[in-house]
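Got the model open in your viewer? Let's take a walk through it together, one stop at a time.

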Amino acid sequence: MNVAVPTMTIIPAKEPKTKTAIIVLPGGGFQKVFVGLEGTEICDWLVARGVTCIVSKYRAPGGNDFWDPVTERQITPKIPRALQDAQRTIRLVRAKSAELRIDPNRIGVLGMSAGGYLVAQTSNILAPTYRPVDAIDKISSRPDFGIALYPGHICRDDGSFDPKLPITKAAPPQFIAQAWNDETDPVCNSLMYASALDKAGVSTELHLFAHGGHAFALRHPTEPVGKWPELVELWLKQIKML
């Protein structure tokens with residue numbers, strides 16, 4: 001909570017290494033950042049499969065659109081700090097590719113809930129959202145693939161598509177998964193995002209589970225929704241990222 005200084009925590013891949021890296025963007029409604037449930041726990045799974053994992057602790061609260069329970073209204077900050085931090089993290093990881101022993105063309109993002117929205121933003125908003133601070137900011141912030149789990153903020157309360165999220169054909173391949181009974185972020189977020197990507201000609205894989213609710217992460221291994229990691233692995237192999 002109250003993250004004023006963003007950080008990135010690098011967890012090296014275990015042998016055999018794949019030269020693929022994934023930046024994990026936890027959820028938290030842009031009010032907090034769940035670095036355990038939707039951060040380091042996800043990395044434990046990834047590094048065991050030879051993937052270098054980076055947990056992004058972006059600035060919150062107020063790093064992006066969020067619901068303020070005190071005033072009972074949607075707050076839209078003037079500065080998209082969470083997106084800025086996500087873009088900078090991608091650039092930093094790509095700049096350190098030789099040091100991390102990863103392929104600079106095999107860097108993806110995986111986000112949950114609010115982090116899933118950051119996956120959509122970083123995949124489609126390719127222009128810098130902050131003034132360059134050094135040479136690293138000349139490097140592309142476009143991820144090579146995106147994995148959005150139970151994303152939010154895309155489907156607005158009135159059923160419309162988020163007007164601030166431009167969908168571009170330049171977006172990388174996307175994997176999306178959500179549960180139909182998600183009461184926090186309605187399934188329309190995944191449906192609308194997948195449909196928009198498909199119309200733009202972006203390779204998109206969508207999986208919807210009957211049960212799982214919100215924030216299922218890796219904590220439902222015996223249920224159908226708990227099979228999403230296996231589906232992600234198959235998909236990553238299909239797009240030649242594993």
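What follows goes through the disulfides, then a helix residue and its contacts, then a patch on the surface.

Keep in mind that this is a predicted model. Start with the cysteines: how many disulfides does a search of the whole structure find? The search turns up two. Number the bonded cysteines of the protein chain in sequence order and the pairing reads 1-2, 3-4.

Zoom in on the disulfide that joins C43 to C53, where the S to S distance is 1.9 Å. The torsion about this S-S bond is about -65°, so the disulfide of C43 and C53 is left-handed. C43 belongs to helix α1 (residues 36-47) and C53 to strand β3 (residues 52-57), so the pair ties together parts that are ten residues apart in sequence. Are these two cysteines buried or exposed? Both C43 and C53 are buried.

Now move along to the other bond, joining C155 to C188 with an S to S distance of 2.1 Å. Here the torsion about the S-S bond is about -100°, so the C155 and C188 disulfide is left-handed. This pair links distant parts of the chain, 33 residues apart: C155 sits in the loop between β7 (145-149) and β8, while C188 is in helix α5. As for how covered they are, C155 has 13% relative accessibility and C188 has 22%. Why does C155 count as buried, but C188 as partly exposed? Buried means under 20% relative accessible area; C155, at 13%, therefore counts as buried, whereas C188, at 22%, counts as partly exposed.

Next stop is T89, which you'll find in helix α2 (residues 81-95). With a relative accessible area of 6%, T89 is buried. So what does T89 touch, leaving aside its neighbours within four places in sequence? T89 is in contact with M8, I23, I54 and S56. One of these links back to an earlier stop: I54 is a contact of T89, and strand β3, the home of C53, covers residues 52-57.

Finish on the surface, with W180. This residue lies in the loop between β8 (174-179) and α5 (188-200), and α5 is the helix that holds C188. W180 is partly exposed, at a relative accessible area of 48%. Which residues form a nonpolar patch on the surface with W180? They are L191 and L206, and together the three have about 270 Å² of accessible area.

Methods. Residues are numbered from 1 along each chain as its sequence is written. This is a predicted model: local features need pLDDT of at least 70, side-chain atom pairs count only at pLDDT 80 or more; totals for chains, interfaces and linings use all residues. Side-chain values use heavy atoms; hydrogens and water are left out. Patches are made of residues with over 30% relative accessible area and no salt bridge: like charges are joined within 9 Å, nonpolar side chains (Val, Leu, Ile, Met, Phe, Trp, Tyr) within 5 Å. Accessible areas come from the Shrake-Rupley method with a 1.4 Å probe; for residues, only the protein chains shown count as cover. A salt bridge is a side-chain nitrogen of Lys or Arg within 4 Å of a carboxyl oxygen of Asp or Glu. Helices (H or I, at least four residues) and strands (E, at least two) are DSSP runs, numbered from the N terminus. Buried means under 20% relative accessible area, exposed over 50%, partly exposed in between (1.4 Å probe, protein chains only). A disulfide is a pair of cysteine sulfur atoms within 2.5 Å. Contact means heavy atoms within 4.5 Å.
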